[in-house]
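Please open the model in your viewer and keep the sequence panel beside it. The tour below suggests what to select at each stop and says what is to be found there.

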Amino acid sequence: MTERPKPPTTETLPNDPADTEGHSQDALDGFDTQQDLTPTPSPEEQHDQEVRFTDAEILGKSFKVRLAINEGVTATLNEHKMARAEGYNKLSTPKNKFLERRYEAAEDKYQRKLAKVGSSRWKFINNHHQNAANRAFAKRNQRFNAYNKHSDMMQGRIDSAKQYAERNNELRRKKIESYKTIKSIAEGRKELRRLRRDMRREGYSHKEVNERLGMIPQPGETPEAYTKRRSEFQQRLGRVACARETVGRETQRVERQAARARDKQAKVEAHLTNTIELTEHTKAALDKANRGLEIASHHAARTAETVQSLQADIDTMEPDDPRREVAEAKLTKAKQTWEAYAVKQEDMARRRDKLQQEYGRLSRSIDSQSQAARNQARAAKQQEASRQQHHDDTADLRSRINQEQATIDQQVAPAPERNEP
């Protein structure tokens, strides 16, 4: 067997340019003793890494996103658990009905046997009836226990699914409460860092800042008491910050609702105004159509009278009368005119009917839109009252927040007797 050629190592490579003498340049081409052997990622991989580290991790670290995902997963699991229990109960329903009918049949048989006990004057017959009733009672109890056990099993599936959902909801509630506590502490630390920056910017040293903020143990204070005091101070700051943010968001929400109600009221009123104007134009067109129909009917009636008079004159004339041709020509023209007026009258009648329908529809629309406008005005008024009530209700809360903030500011305020450098 022929041995495979070994790859060149750094020991076989020349370290000194003087040592390259006697070696061919072709043998050294393609070798770089300082070449970086780390693979370079492609542009697609770099873009994927940027997206992963900018979107996926940011969203993954968001508690609200994780809470929404957990809520969706929990709801899906609860529905799956309940659907599974209901599905198994549907499969068990025929057997449950069968056991119920068996129990009812045994109950009826026991009642029949019990009714025969003591009905005879012969003792051995009464004893036979009593033994039959006892056997029927035992069979009835056996079937009742089987039916009750099967029903309890089906109900237990539903109860287990409900308990599973309640347990998941309780865990989610505890997680939200824990998040609120953590957020309060985080907001307190953030506020504490802001206070530190402000005091350091005013020229206080680290020791003076810690003394003013109470972030150093007091003489004779145990570590547990110091940790508790520091945590309470941070939570106090966080509660103030969270309360201020919550009140601000709630106020913005109420303001947005009131603004949307006002905008919707304006749109409804504008639509009502346009409908009223369109109804007035339709009413004017309907009146004009009625007048045109009356005029056409009048002209048609007069033309019909003319046709009748000409026909009567032609009937009284002799066949060889020279005036007969002139009268027949006038009659033909009068009939054509009458037919034209009849067609025009029909068209105008159809237009009048169409305008009447449109006018009726617009009138009904005005009634409904007027009711909608009144309802929307009432809703806008309620929203405005709710906004004012919210402002009045949160005024006390704002004052307490401001007082708490003033107390904290006073606690960490610079000492008046300190001499500025």
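Begin with the charged side chains: in this predicted model, the count of salt bridges comes to twelve, and several of them make good stops later on. Before visiting them, colour the protein by secondary structure, which shows seven helices and zero strands, so that the order of elements from the N terminus reads α-α-α-α-α-α-α. Of the 421 residues of the protein, 23% count as buried.

**Stop 1: salt bridges in α6 and α7**

Select Glu 250 and Arg 253, which form a salt bridge whose closest N and O atoms are 2.2 Å apart. Both residues lie in helix α6, three residues apart, which is about one turn of the helix. Glu 250 is partly exposed, with a relative accessible area of 30%, and Arg 253 is likewise partly exposed, at 32%.

Next select Glu 358 and Arg 361, whose side chains meet in a salt bridge with an N to O distance of 2.5 Å. Where in the fold does this pair sit? Glu 358 and Arg 361 belong to helix α7 (residues 323–411), and because they are three residues apart there, about one helical turn separates them. Glu 358 counts as partly exposed at 28% relative accessibility, and Arg 361 does so at 42%. Then move to Glu 170, Arg 173 and Glu 177, which are joined into one network by salt bridges that share partners.

A further pair to display is Arg 352 with Asp 353, where the salt bridge spans 3.5 Å from N to O. Arg 352 is partly exposed at 24% relative accessible area, and Asp 353 is partly exposed at 33%.

**Stop 2: two buried polar residues**

Now select Ser 92 in helix α3. Is Ser 92 buried or exposed? With a relative accessibility of 11%, Ser 92 counts as buried, because the limit for that class is under 20%. Add Arg 157 to the selection, and a polar contact of 3.1 Å can be drawn between the side chains of Ser 92 and Arg 157.

Continue to Thr 275, which is found in helix α6 (residues 223–316) and counts as buried at 7% relative accessibility. Its partner to select is Gln 369, since the side chains of Thr 275 and Gln 369 are joined by a polar contact of 3.0 Å.

**Stop 3: patches on the surface**

Switch to a surface display and select Lys 109, Arg 112, Lys 116, Arg 135 and Lys 139, which together form a positive surface patch. Helices α3 (63–116) and α4 (123–201) each supply at least two residues of this patch, and the largest share, three residues, comes from α3. One of the patch members in α3 is Arg 112, which is exposed, with a relative accessible area of 51%.

Then select Ile 69, Val 73 and Leu 77, which make a nonpolar surface patch of about 260 Å². Leu 77 lies in helix α3 and counts as partly exposed at 39% relative accessibility.

**Stop 4: a distance to draw**

Finish with Arg 197, which lies in helix α4 and is partly exposed, with a relative accessible area of 47%. Draw a line between the C-alpha atoms of Arg 197 and Val 209: these residues are twelve apart in sequence, and the line spans 9.4 Å in space.

Technical notes. Residues are numbered from 1 along each chain as its sequence is written. This is a predicted model: local features need pLDDT of at least 70, side-chain atom pairs count only at pLDDT 80 or more; totals for chains, interfaces and linings use all residues. Side-chain values use heavy atoms; hydrogens and water are left out. Patches are made of residues with over 30% relative accessible area and no salt bridge: like charges are joined within 9 Å, nonpolar side chains (Val, Leu, Ile, Met, Phe, Trp, Tyr) within 5 Å. Accessible areas come from the Shrake-Rupley method with a 1.4 Å probe; for residues, only the protein chains shown count as cover. A salt bridge is a side-chain nitrogen of Lys or Arg within 4 Å of a carboxyl oxygen of Asp or Glu. Lys and Arg count as positive and Asp and Glu as negative; His and the chain ends are not counted. The place of a charge is taken as NZ of Lys, CZ of Arg, CG of Asp or CD of Glu. Helices (H or I, at least four residues) and strands (E, at least two) are DSSP runs, numbered from the N terminus. Buried means under 20% relative accessible area, exposed over 50%, partly exposed in between (1.4 Å probe, protein chains only). A polar contact is a pair of N or O atoms within 3.5 Å; within protein, one must be able to donate a hydrogen and the other to accept it, and residues adjacent in sequence count only if both atoms are side-chain atoms.
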